[in-house]
Amino acid sequence: MTLPPATTAKASDTRSAKARRARAPSRTELAVPNRIEEVERVSDLLDEFGAKHGLAKDDLTDMQVALDEAFANIVNSAYSDGDPHEIHICLAVGRGTLRAVIEDDGMPFDPLAVAAPDLSLPLHERPVGGLGIHFIKSLMSDVKYKRIGDRNRLTLTKLLSE
Amino acid sequence: MARLDLHEESVDGVAILGVRGRVDTTTAPQFGARLTEIFQDGSRGLVLDLHELEYISSAGFRELLLAARRADKVARRLILCSIPGKVQQIFDIGGFVDLFSIAASRDEALNAAR
């Protein structure tokens with residue numbers, strides 16, 4: 001491990017948090033296998049990225065939940081061949097937004113086409129599934145889906161609070 | 001730090017499960033298994049103390065729904081308490097507020113569960 005010269009460390013101490021954030025790379029990427037436990041790595045990546053950019057905890061929580069839902073949907077429903085696949089995640093921050101782009105090569109699936117769940121049903125009639133997409137749509141400021149060739153691309157955008 | 005930490009205690013025969021961290025796709029099975037275990041013991045009611053819950057995704061709500069149904073079936077009280085603001089928002093979005101018994105504080109929950 002190489003330590004920065006003392007003068008550099010001192011200079012960076014006087015920089016504002018804003019300047020430090022501006023120096024952090026504005027995007028990061030990760031490719032993980034389509035296994036449910038890999039969602040932890042996605043979640044850790046978002047934690048690190050959010051900390052580097054000084055993002056508000058509530059904004060990060062909304063994105064954590066949305067990513068959890070999106071990733072679980074892909075792992076549980078996108079593939080029927082039993083073969084290993086790779087899910088690609090890109091996080092980006094800029095212009096007051098946090099964005100996550102999730103790409104998979106599974107079956108075409110447009111989450112925006114899924115009907116909203118009936119939230120008025122009583123306890124014993126409530127389906128135990130089908131809420132994930134509702135959470136994604138509600139927690140994000142914008143959700144876009146595109147089928148590109150043999151890939152699904154889901155773009156989740158969260159407008160950052162001040 | 002573990003993603004999910006479950007801490008159990010008993011007060012006057014009421015089981016209290018403290019839920020700290022994240023109940024998501026990977027930790028929900030652990031959460032559900034513990035709820036099932038607790039319902040198998042002899043406690044009268046169960047209080048879920050959520051004040052250290054960071055967030056819960058639909059995988060976690062699935063376990064909560066199943067637990068609430070189980071509680072109903074065996075006539076046991078299941079009370080959720082001390083839900084943080086951010087988590088409350090997720091409960092609202094999911095339409096869960098009327099589905100569960102929710103108390104503002106742990107004391108209030110304990111009184112209701114006895």
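Start by selecting Lys86(B) and Asp62(A): these two form a salt bridge, and their closest N and O atoms sit 2.7 Å apart. Keep in mind as you click around that this is a predicted model. How many salt bridges are there between chain A and chain B? The count is 4. Switch on polar contacts too, and you'll be looking at 13 residue pairs between the two chains, counting pairs with both residues at pLDDT 80 or more.

Now color the side of chain A that touches chain B by secondary structure. Helix H3 (39-52), helix H4 (57-77) and helix H5 (132-139) of chain A each put at least two residues there. Which of the elements gives the most? That's H4(A), with 9 residues. Recolor by residue class and this side of chain A splits into 13 nonpolar, 7 polar and 11 charged residues.

Next, show the whole contact. Chain A brings 31 residues to it and chain B brings 24. Between them the chains bury about 2,400 Å², with carbon and sulfur atoms giving 62% of that area. For a quick highlight, pick Leu123(A), Val128(A) and Phe135(A): this trio supplies 27% of the area chain A buries against chain B, more than any other three residues.

Phe135(A) is also your way into H5(A), where it is one of the buried residues. Select the helix: 6 of its 8 residues are buried, so count it as mostly covered. The buried ones are Gly132(A), Ile133(A), His134(A), Phe135(A), Ile136(A) and Leu139(A). What covers them? Turn on H4, strand S4 (142-148) and S5 of chain A, then add helix H2 (58-73) and helix H3 (85-93) of chain B; the cover includes these elements from both chains.

From S5(A), hop over to strand S3 (residues 97-104) of chain A. Since 7 of its 8 residues are buried, S3(A) is largely enclosed by the rest of the structure. S3(A) pairs with S5(A) (residues 151-159) in the antiparallel sense, over 8 bridges. To see the register, label Ile102(A) and find Leu154(A) opposite, in S5(A).

Then look at the pairing of S3(A) with strand S2 (residues 86-94) of chain A: these two also run antiparallel, joined by 7 bridges. Label Cys90(A) and its bridge partner in S3(A), Val101(A).

Last stop: follow S2(A) into the turn. S2(A) and S3(A) make a hairpin with 2 residues between them, and Arg95(A) in that turn has a positive phi of about 50°.

Definitions and conventions
Residues are numbered from 1 along each chain as its sequence is written. Chains are lettered from A and ligands numbered from 1 in the order in which they are written. This is a predicted model: local features need pLDDT of at least 70, side-chain atom pairs count only at pLDDT 80 or more; totals for chains, interfaces and linings use all residues. Side-chain values use heavy atoms; hydrogens and water are left out. Contact means heavy atoms within 4.5 Å. Buried area is the accessible area (1.4 Å probe) that two parts lose on being put together, summed over both. A salt bridge is a side-chain nitrogen of Lys or Arg within 4 Å of a carboxyl oxygen of Asp or Glu. A polar contact is a pair of N or O atoms within 3.5 Å; within protein, one must be able to donate a hydrogen and the other to accept it, and residues adjacent in sequence count only if both atoms are side-chain atoms. Helices (H or I, at least four residues) and strands (E, at least two) are DSSP runs, numbered from the N terminus. Ala, Val, Leu, Ile, Met, Phe, Trp, Tyr, Cys and Pro count as nonpolar, Asp, Glu, Lys and Arg as charged, and the others, Gly among them, as polar. Buried means under 20% relative accessible area, exposed over 50%, partly exposed in between (1.4 Å probe, protein chains only). Two strands pair if DSSP finds at least two bridges between them.
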